[in-house]
Structure formats: C-alpha cells, structure tokens
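This report introduces a single structure to a reader who has not met it before. Please look over the sequence and the model below, and then follow the sections in order.

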Amino acid sequence: MNMQAMLKQAQKLQKDMMNAKNEIDKMEFVNETSFVKVVASGDKKIKSVSINKENLDADDVEMLEDMILVAVNDVLKQIEKVTEDKMGKYTKGMPGLF
C-alpha cells in the first residue's frame, strides 16, 4: 500500500471517529431511582438532577446524597459503555483516546 493510500485511509478513519464521537456527544443518558433522576449528555455533562420529593422524608438527606452519587456514577458508566462500543473499533490498542 502506498503512502497516499495510507494517508487517505487514516483521514477517513479520523473522520469516522469524529462522526461517532459527535453522535455519542448528542445522546442523552438517564438513570432513575425512586428518589432521584440524573440526565447526562454523551460528552459527560450532567444536564439535570431531579429529586422525587414524594418519596423523601427530612431524615433521608444522607441516603439521598448516596442515591445521587450512585445515579451519577451509573449514568457515566452508561456513557463509557456506549463510547467503548462505538469507538472501540477505532481505538483498539490505543488506550485513553476518549
């Protein structure tokens, strides 16, 4: 394979990777429990945190903090999984790109 063909293939791969990353960034991920709902975008930005006050007593603040932490971490894991699923074909053997 000549250098021009390799360069062209690398440019196509880069374009495909950026398209996949842009697609992920536009996606919305949600984790919801009976107490809290967390919504994040694919670029790992938390868009909203909603608290269901109907299921919450005043003494439940510490539990609610724990639920928020779990929900945020879960929604970030969802993003990581989709990112790996979509980007893994491009990044095999190249850790830490996304």
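## Helix 1 and its buried residues

Which residues are buried in helix 1? The model shown here is predicted, and in it Met17, Ala20, Lys21 and Ile24 of helix 1 are buried. An α-helix has 3.6 residues a turn, so residues three or four places apart point the same way. The buried residues of helix 1 pack against two other elements, namely strand 1 and helix 2.

Helix 1 covers residues 3–26, and its length can be checked against expectation: at 1.5 Å a residue, its 24 residues should span 34 Å, and the end C-alpha atoms are 35 Å apart, which agrees. At the N-terminal end, helix 1 is capped by Asn2, whose side chain places an oxygen 3.2 Å from the backbone nitrogen of Gln4.

## Confidence in the model

Averaged over the chain, the pLDDT is 84, and 93% of the residues score at least 70. Confidence is highest in strand 1 (residues 28–32), with a mean of 92, and lowest in helix 2 (residues 61–91), with a mean of 85.

## The strands and their pairing

Strand 1 and strand 2 are antiparallel and pair over 5 bridges, forming a hairpin in which 3 residues lie between the two strands. Within this pairing, Asn31 has Val38 of strand 2 as its bridge partner.

Strand 2 also runs antiparallel to strand 3, to which it is joined by 5 bridges. Val39 stands opposite Ser48 of strand 3, while Ala40 stands opposite Ile46 of strand 3. The hairpin formed by strand 2 and strand 3 has 4 residues between the strands, and Lys44 in this hairpin takes a positive phi near 65°. Strand 2 itself is mostly covered, since 5 of its 6 residues are buried.

## The nonpolar core

How many residues does the largest nonpolar core have? This core has 15 residues, and those with the most contacts inside it are Phe29, Val36, Val38, Val75, Met87 and Tyr90. Helix 1, strand 2 and helix 2 each supply at least two residues of the core, and the largest share, 7 residues, comes from helix 2.

Tyr90, listed among the core residues with the most contacts, also touches parts of the chain that are distant in sequence: setting aside residues up to four places away, Tyr90 touches Leu13, Asp16, Met17 and Ala20. Of these, Met17 and Ala20 are among the buried residues of helix 1.

## The loop before helix 2

Asn55 is found in the loop between strand 3 and helix 2. Is this residue, Asn55, buried or partly exposed? With a relative accessible area of 35%, Asn55 is partly exposed, because this value falls between the 20% limit for buried residues and the 50% limit for exposed ones.

Apart from neighbours within four places in sequence, Asn55 is in contact with Ser34, Phe35 and Asp60. The C-alpha atoms of Asn55 and Val36 are separated by 9.6 Å, although the two residues are 19 residues apart along the chain.

Key
Residues numbered from 1 in each chain as written. Predicted model: local features only at pLDDT ≥ 70, side-chain atom pairs only at ≥ 80, totals over all residues. Heavy atoms only, no water. pLDDT = per-residue confidence, 0-100. Expected span 1.5 Å × (residues − 1). Buried < 20%, exposed > 50% of the residue type's maximum accessible area, 1.4 Å probe, protein only. Contact = heavy atoms within 4.5 Å. Polar contact = N/O pair within 3.5 Å; in protein donor to acceptor, adjacent residues only side chain to side chain. Core = buried A, V, L, I, M, F, W, Y, C linked by side-chain atoms within 4.5 Å. Pairing = 2+ DSSP bridges.
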